[in-house]
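Dear colleague,

I am passing on the structure we spoke about, and below it you will find my notes on what turned up when I went through it. Please keep it open while you read, since the notes refer to it throughout.

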Amino acid sequence: MIRRAKISEIPDILTITQACAKKMQENGIFQWNEHYPSKEAFQKDIERGELFVVEEKNTVQGTIVISTLMDEEYKPIQWLTPNGNSVYIHRLSVHPNLQGKGLAQQMMDFAENHASEHRFVSVRLDTFSQNKRNQRFYEQRGYQKLGDIYFPKQSEHPFHCYELVL
């Protein structure tokens, strides 16, 4: 089941994202670290009603943020659709012990359906240039790679921006 996250679940959510960060780092992907994703980011996501979790048997297994806020870093990108009517995906995570079971696909299906039902024209996101698995994941879903942005606190390497027109 996918539903909005609760403040009381932030410790469980951080356990998941920290386990993901550790697994990525073990694979040479330095995308997430002690600065990101943060408790404060998740608190803001919940306040805005934009953080969703996938749960089974009362256990949070993964997260996705479906936001209408466009980060400053995205402004220079030549998007496929005009700005102002898109959703942005952030902090998609599935606990490493549960990866490979289709949970990320379920959350992306949910996000794309949510965007479509609310009459948004596209779904936008970024993924780390060193994370080839994530790039394939989005490209297989029909996302188009458009340009690069940088988050210096996370990495010197760029993040690729993607958009799916609905």
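**The loops and their unusual backbone**

Proline 37 sits in the loop that joins H1 to H2. The peptide bond leading into this proline from tyrosine 36 is cis, with an omega near -5°. Please bear in mind from the outset that this is a predicted model, and that the angles I quote are therefore computed from predicted coordinates. Most residues other than glycine have a negative phi, and most peptide bonds are trans. Against that background, two further loop residues deserve a look.

Asparagine 58, in the loop between E2 and E3, has a positive phi of about 60° although it is not a glycine. Arginine 119, which belongs to the loop between H3 and E5, is likewise a residue other than glycine with a positive phi, here near 65°. Are these two residues buried or exposed? Asparagine 58 has a relative accessible area of 72% and arginine 119 one of 67%, and since the cut-off for exposed is over 50%, both count as exposed.

Two glycines also take a positive phi. Glycine 49, just after H2, has a value of about 75°, while glycine 142, just after H4, has one of about 100°.

**The overall fold**

The protein contains 4 helices and 7 strands, and along the sequence these follow the pattern β-α-α-β-β-β-α-β-α-β-β. Its radius of gyration is 15 Å, which agrees with the value near 15 Å that a compact globule of 166 residues would have. Taken along the principal axes, the C-alpha atoms fill a box of roughly 40 × 35 × 30 Å.

Of the 166 residues, 53% are buried. If one considers the contacts between residues at least 6 apart in sequence, 68% of them join residues that are at least 24 apart. The protein exposes about 8,900 Å², of which carbon and sulfur atoms supply 48%. As for charge, there are 20 positive and 21 negative side chains, and the centres of the two sets lie 3 Å apart.

**Two helices with a buried side**

In H2, which runs over residues 39-47, the buried residues include Ala41, Phe42, Asp45 and Ile46. Why do they fall on the same side of H2? They do so because the arc they cover around the axis is only 135°. An α-helix has 3.6 residues a turn, so residues three or four places apart point the same way. The buried residues of H2 pack against helix H1 (10-26) and against the strands E2 (51-56), E3 (59-67) and E4 (86-94). The face turned away from this buried side carries Lys44 and Glu47, which are exposed.

Helix H4 (residues 132-140) can be described along similar lines, with Gln135, Phe137 and Tyr138 buried. These residues cover an arc of only 160° around the axis, which puts them on the same side of H4. The elements that cover them include E4 and H3, together with the strands E5 (122-128), E6 (144-149) and E7 (159-165).

**Two buried histidines**

Histidine 90 lies in strand E4, and because its relative accessibility of 10% is under the 20% cut-off, it counts as buried. Which residues is histidine 90 in contact with, once neighbours within four places in sequence are left aside? They are Tyr36, Ile64, Val65, Ser67, Asp71 and Tyr74; of these, Tyr36 is the residue that precedes the cis peptide bond to proline 37. Histidine 90 and threonine 127 are 37 residues apart in sequence, yet their C-alpha atoms are 9.2 Å apart in space.

Histidine 114 lies in helix H3, which spans residues 103-117. With a relative accessible area of 17%, histidine 114 also falls under the 20% cut-off and is therefore buried. Leaving aside neighbours within four places in sequence, histidine 114 is in contact with Phe52 and Ile66.

With best wishes

Definitions and conventions. Residues are numbered from 1 along each chain as its sequence is written. This is a predicted model: local features need pLDDT of at least 70, side-chain atom pairs count only at pLDDT 80 or more; totals for chains, interfaces and linings use all residues. Side-chain values use heavy atoms; hydrogens and water are left out. Buried means under 20% relative accessible area, exposed over 50%, partly exposed in between (1.4 Å probe, protein chains only). Contact means heavy atoms within 4.5 Å. The arc is that of the directions from the helix axis to the C-beta atoms. The radius of gyration is taken over C-alpha atoms; the globule rule is 2.2 Å times the number of residues to the power 0.38. Accessible areas come from the Shrake-Rupley method with a 1.4 Å probe; for residues, only the protein chains shown count as cover. Lys and Arg count as positive and Asp and Glu as negative; His and the chain ends are not counted. The place of a charge is taken as NZ of Lys, CZ of Arg, CG of Asp or CD of Glu.
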